[in-house]
Amino acid sequence: MNKYFYCLTISTLLLFFSCSKDSVQVVSTSPQLRISVQATTFESEALPVANAKSNIIQQVEIPLDKNNLLAVSIRTKDKAAIQQVASTNKAATTKSPLTIGTRYKMLVFNASNVLVEMKDFTVGNELSEETNLSVADAYSFIFYSLGTTTLPTMNISLGDPLAKVVGSFQGNEDLMVDIKQNLKLTGGENTIAVVLRHIFTQVKTTLNVSTVGTIETIGDLSITNTYSKADFSFANISQYPKNITFSSVLNSLTLPAFKIDATKTMATSDARILFADGTLTQALVFKELKVNGIVKNNLKVDGFKLLPGVSYTIDLQIKKFSPEGFVIGNILWGSGNLILKNGVYEQAASQGEYGDYWYRKSDGYFFVTPLLSNSSGEGSGATLKDLCTQLGGNWRLPTQDDVSKLEAYASWSYNTKKFVGTYVNKANEKVNGVYMGTTSQPTAADQDKYLFLPFAGAYNTNSAAGIKTEGYYWHTGLGVNNEGTSYQFASGYMSAKNNGGLDSRRANTIRCVKTVN
């Protein structure tokens, strides 16, 4: 009786579950993975917050002939991203989607950094899939791609330690990586959002000649001092970019050929991935360039260092010299020091003239009469806030910031864009001073292709100081709020923040400036 009842009960239960299998959904408690590649990103080069209004990291102007120059501007991210850096004090990034069909790989490591799972994916074809990973343990996930339909070859197998995961890359392979550490999965679907970060450098170049004519010939463009090989250690990714070992220096790497637009005034060299370590100094070299009769062979633009993981645009523009002075960035520096001649304020006839020496009061106002017209050794009489305004045409005194940008333009600390030399004046005398924008002594015929500031020295109560060896020039600073009152330079140093001198007995020289577009 009991045996019969037991058998009947089991049969009844089996019949019940058999009949109900289409109406009851059994929920899996095993973890499932859904990978979502949201974007790729280049890390933006960090800029000081003080410079957060511009995305330009370097500007250079190179004379081509007596009438034309090549303006070079190297920039990274857009202004909105830079303002994000200023407000959050974090590195900004620029993001773009990954192309459908691109392949990427997932590596999963356990808490002991042992490889326990790996799988290939294709963008646009990611499905939620079962995994053998446990919900009880934490894992680290590494995702990587070359941005193509192929994957890099790495000799790794399940059970290998993380330290063994090193990728070797050559040429222009665009390695992108994302890492998620100490993730714990739950039962059911787990979505992992992936943003792949470009590991190496990208460069794009543009040429604009619209203000001088049209492009007649443009040859190969190459870049110096990059590498042909790079080994990337995934285990040390937290030390990026020090986890990259670069090797085999390339003296010259040809960039994509320029594409000239229909107007023949613009040309673009497409973006190219290259291996740069931020240590070697690069140069761009035009094999041949002919624009509106201007012919240059092996034209070199040098003095910049490219960092890993940053996307750069190098904007080149050929434009005419300004007859009023020298354009550096958005500042036009006058063609001579300020003088007072027959009651009229002027720029000196040449850069080799010291110009007049101007007294200044403690409130920052200038005496309108310079030292050479007043032998008392102390300023007196009428005053003006800015003597440069007497030139008209929006001329003004430089600010301390203008001078700091001039110092940066000259790469003063690295001696890459300045030269302490001589200027030959009209009396055929050599005047000591510093050229901005060159690393060698120009000939007398070429000396006015560059901004030259003479070592005019200064006067204290009619006593000369530093003439022929130092330059002391006024700027707008009043010696308060972290500003100096003048800028000072000699053969071995430059300071945009020189204090002192607002005592009506100190007389410095002035080089006026104006802001240009």
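Two strands are taken to pair if DSSP finds at least two bridges between them. In the predicted model described here, pairing in this sense gives an open sheet of four strands, in which the order is 27-38-33-34 and the pairing is antiparallel. Strand 27 (358-359) and strand 34 (463-465) stand at the edges of this sheet, and because each has a single partner strand, one side of each is left without a neighbour in the sheet. The partner of strand 27 is strand 38 (residues 506-508), to which strand 27 is joined by two bridges, with the two strands running antiparallel. Within this pair, Y359 has A507 of strand 38 as its bridge partner.

The protein chain as a whole contains 39 strands, together with three helices. Of its 517 residues, 47% are buried, and the accessible surface of the chain comes to about 25000 Å², with carbon and sulfur atoms accounting for 49% of that area. When contacts between residues at least 6 apart in sequence are considered, 64% of them join residues that are at least 24 apart.

A further set of antiparallel pairings is centred on strand 31 (residues 430-436), which is mostly covered, five of its seven residues being buried. Strand 31 is joined by seven bridges to strand 30 (residues 418-424), and these two strands run antiparallel. In this pairing F419 stands opposite Y435 of strand 31. Strand 30 and strand 31 together form a hairpin in which five residues lie between the strands, and N428, in the turn, has a positive phi of about 65°. Strand 31 also pairs with strand 32 (residues 451-454), again in the antiparallel sense, over four bridges, and here G433 is found opposite P454 of strand 32.

The interior of the model was also examined for enclosed space, and the count comes to two cavities of 30 Å³ or more. The largest cavity holds about 130 Å³ of space. Its lining consists of 16 residues, of which E61, L69, F326, V327 and K449 are the closest to the centre of the cavity. Strand 2 (56-63), strand 22 (311-320) and strand 23 (325-328) each contribute at least two residues to this lining, and the largest share, four residues, is supplied by strand 23. By class, the residues that line the largest cavity comprise 10 nonpolar, two polar and four charged.

The second largest cavity holds about 30 Å³ of space, and the residues that line this cavity are Q58, Q59, V60, V72, I74, V301, D302 and F304. Two or more residues of this lining come from each of strand 2, strand 3 (68-75) and strand 21 (294-304). The lining of the second largest cavity divides by class into five nonpolar residues, two polar residues and one charged residue. Strand 2 therefore takes part in enclosing both spaces, since at least two residues of the largest cavity's lining and two or more residues of the second largest cavity's lining belong to this strand.

Conventions:
Residues are numbered from 1 along each chain as its sequence is written. This is a predicted model: local features need pLDDT of at least 70, side-chain atom pairs count only at pLDDT 80 or more; totals for chains, interfaces and linings use all residues. Side-chain values use heavy atoms; hydrogens and water are left out. Buried means under 20% relative accessible area, exposed over 50%, partly exposed in between (1.4 Å probe, protein chains only). Contact means heavy atoms within 4.5 Å. Accessible areas come from the Shrake-Rupley method with a 1.4 Å probe; for residues, only the protein chains shown count as cover. On a 1 Å grid over the protein atoms alone, a cavity is a set of points where a 1.4 Å probe fits but cannot get out, and a pocket is an open set with protein on both sides within 12 Å along at least five of seven lines; lining residues have an atom within 4 Å of a point. Grid points are joined across faces, edges and corners, and a volume is the space filled by probe spheres set on the points. Ala, Val, Leu, Ile, Met, Phe, Trp, Tyr, Cys and Pro count as nonpolar, Asp, Glu, Lys and Arg as charged, and the others, Gly among them, as polar.
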